[in-house]
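The following exercises concern the structure shown below. Each task is followed by a solution worked step by step.

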Amino acid sequence: MRRTPLDAWIAACLGLPDLAPEAVEARQLEALRRTLAHAARHSPFHRQRLADLPPGFPARRADMAALPLTTAEDLAARGEAMLCVSGGEIARVVTLETSGTSGPPKRLFFTPEDIEATLDFFAVGMSTLAGAGDAVLVLLPGRRPDGVADLLARALPRIAARAVLPPESWTAGDLVRLMKREGVTRMVAAPSQLRGLLDDAAFSRAARARLAALLSSAEPLDAGLRADLERAWGCEVFDHWGMTETGWGGGVECAAHAGYHPRMADLFLEVIDPLTAAPLPLGAPGELVLSTLNRRGMPLIRYRTGDAARLLPGPCPCGCPLPRLETVPGRIEPHGAGWRTVHPRKGKRCICNDF
């Protein structure tokens, strides 16, 4: 089985000869110390919250629990106070509705360097399922500069592949003709788009004849849809997890399909109890919390994603020794005295709109 290409990328980004988990975590903690110092120096929001940290903090993973969590409501209310650079250094601003509230939207800011980091991750992540000569049909929205479709179109040439973008208002018939004309061999789409195309007989015939693999992204992929796609189209289905807060890219499956390999050169992940906020050990289900490691414009520190998740201990069947992120089943929602997971398709958001 081919090992995830993210391994070599993470090792190169972190300056390590191999991926011993202890060495990776030590480099992540070094990056966190730089990020905390950068945020405390330049962000009015973080300056107050990070005051009085001892030298060398965090020395251990467990130390992170001493830092306050950042919420979507914080982003909405004080997002601009989280900025660490001047407005002139910002390349892209994304405005999102705050899930589950009627309050002000949250805004995320990215510098050209932040965008470049996402391009780099998109290229290596897509190399999991595509390579030289592949034509990739991209159905995700985001054609504007630095939108998701635009970023994919710019990243694929880095692995000698190319993006095929359909008309913005496409039909299944448009896609069938485009696949034939452009020699499409791979596809990237959201589960809601894939579910709709499964019902089209002509598209399914074309997909079965041409697609070797596809990437599902932007929404949780349930096991039933994955099985239906593999049976109907005869192609390998890879899943990707990410959100605007991660710079869109977050983690991607390898050929073992045993969880996402996270973007560990850029993200530090924790899982907490959604009710008490206590950190949970590897393997325990809870809410995913992330900290960015290298972001200049708007670093996120212990950001509550609202996503239900588990971190799985390594090794992966592909040989990667690092922890993986189990397939994200949906969003955390309070339920009685506890919590439950709600799939977006059952009444929550479709994050395609976030692009």
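**Exercise 1. Determine which elements cover the buried residues of helix 6, and how far that helix is enclosed.**

*Solution.* Step 1. The cover of the buried residues of helix 6 includes helix 5 (112–126), strand 3 and strand 5 (186–189). Contact means heavy atoms within 4.5 Å. Helices (H or I, at least four residues) and strands (E, at least two) are DSSP runs, numbered from the N terminus. The model is predicted: local features need pLDDT of at least 70, side-chain atom pairs count only at pLDDT 80 or more, and totals for chains, interfaces and linings use all residues. Residues are numbered from 1 along each chain as its sequence is written, and side-chain values use heavy atoms, with hydrogens and water left out.

Step 2. The buried residues of helix 6 are V148, A149, D150, L151, L152 and A155. Buried means under 20% relative accessible area, exposed over 50%, and partly exposed in between (1.4 Å probe, protein chains only).

Step 3. Because six of the eight residues of helix 6 (residues 148–155) are buried, the helix is largely enclosed by the rest of the structure.

**Exercise 2. Describe how buried and exposed residues are arranged on helix 7.**

*Solution.* Step 1. Within helix 7 (residues 172–182), the buried positions are A172, L175, L178 and M179. Viewed down the axis of helix 7, these buried residues fall within an arc of 120°, so they line one face of the helix. The arc is that of the directions from the helix axis to the C-beta atoms.

Step 2. An α-helix has 3.6 residues a turn, so residues three or four places apart point the same way.

Step 3. R177, K180 and R181 are exposed on the other side of helix 7.

Step 4. The packing partners of the buried residues of helix 7 are strand 3 (135–138), strand 4 (162–164), helix 8 (191–198) and helix 9 (201–210). After helix 7 comes G183, which has a positive phi near 65°.

**Exercise 3. Locate the non-glycine residues D146 and R302, state the phi of each, and decide whether they are buried or exposed.**

*Solution.* Step 1. Most residues other than glycine have a negative phi, and most peptide bonds are trans.

Step 2. D146 has a positive phi near 70°. D146 belongs to the loop between strand 3 and helix 6, and its relative accessible area of 12% makes it buried.

Step 3. For R302, phi is positive at about 50°. R302 sits in the loop between strand 11 (286–292) and strand 12 (303–309), and with 2% relative accessibility R302 is buried.

**Exercise 4. Identify the loops that hold P58 and P315, and state the peptide bond that precedes each proline.**

*Solution.* Step 1. F57 and P58 are joined by a cis peptide bond, with omega about 0°. The loop that holds P58 lies between helix 3 (44–49) and helix 4 (72–78).

Step 2. G314 and P315 are likewise joined by a cis peptide bond, omega being about 0°. P315 is placed in the loop between strand 13 (311–312) and strand 14 (324–325).

**Exercise 5. Characterise the surroundings of V24 and of A212.**

*Solution.* Step 1. V24 is part of helix 2 (residues 21–42) and is buried, at a relative accessible area of 1%. Apart from neighbours within four places in sequence, V24 contacts L14, L16, L19, M264 and L322. V24 and R302 are 278 residues apart along the chain, and their C-alpha atoms are separated by 19 Å.

Step 2. A212 occupies the loop between helix 9 and strand 6 (213–216). With a relative accessible area of 41%, A212 is partly exposed. Residues up to four places away in sequence not counted, A212 touches T185, R186, C235 and E236. From A212 to P55 the C-alpha distance is 52 Å, at a sequence separation of 157 residues.

**Exercise 6. Assess the overall form of the protein chain.**

*Solution.* Step 1. The protein chain contains ten helices and 16 strands. Its radius of gyration is 20 Å, close to the 20 Å that the globule rule gives for 355 residues, so the chain is as compact as a globular protein of that length. The radius of gyration is taken over C-alpha atoms, and the globule rule is 2.2 Å times the number of residues to the power 0.38.

Step 2. The C-alpha trace spans about 65 × 45 × 45 Å along its principal axes, and 55% of the 355 residues are buried.
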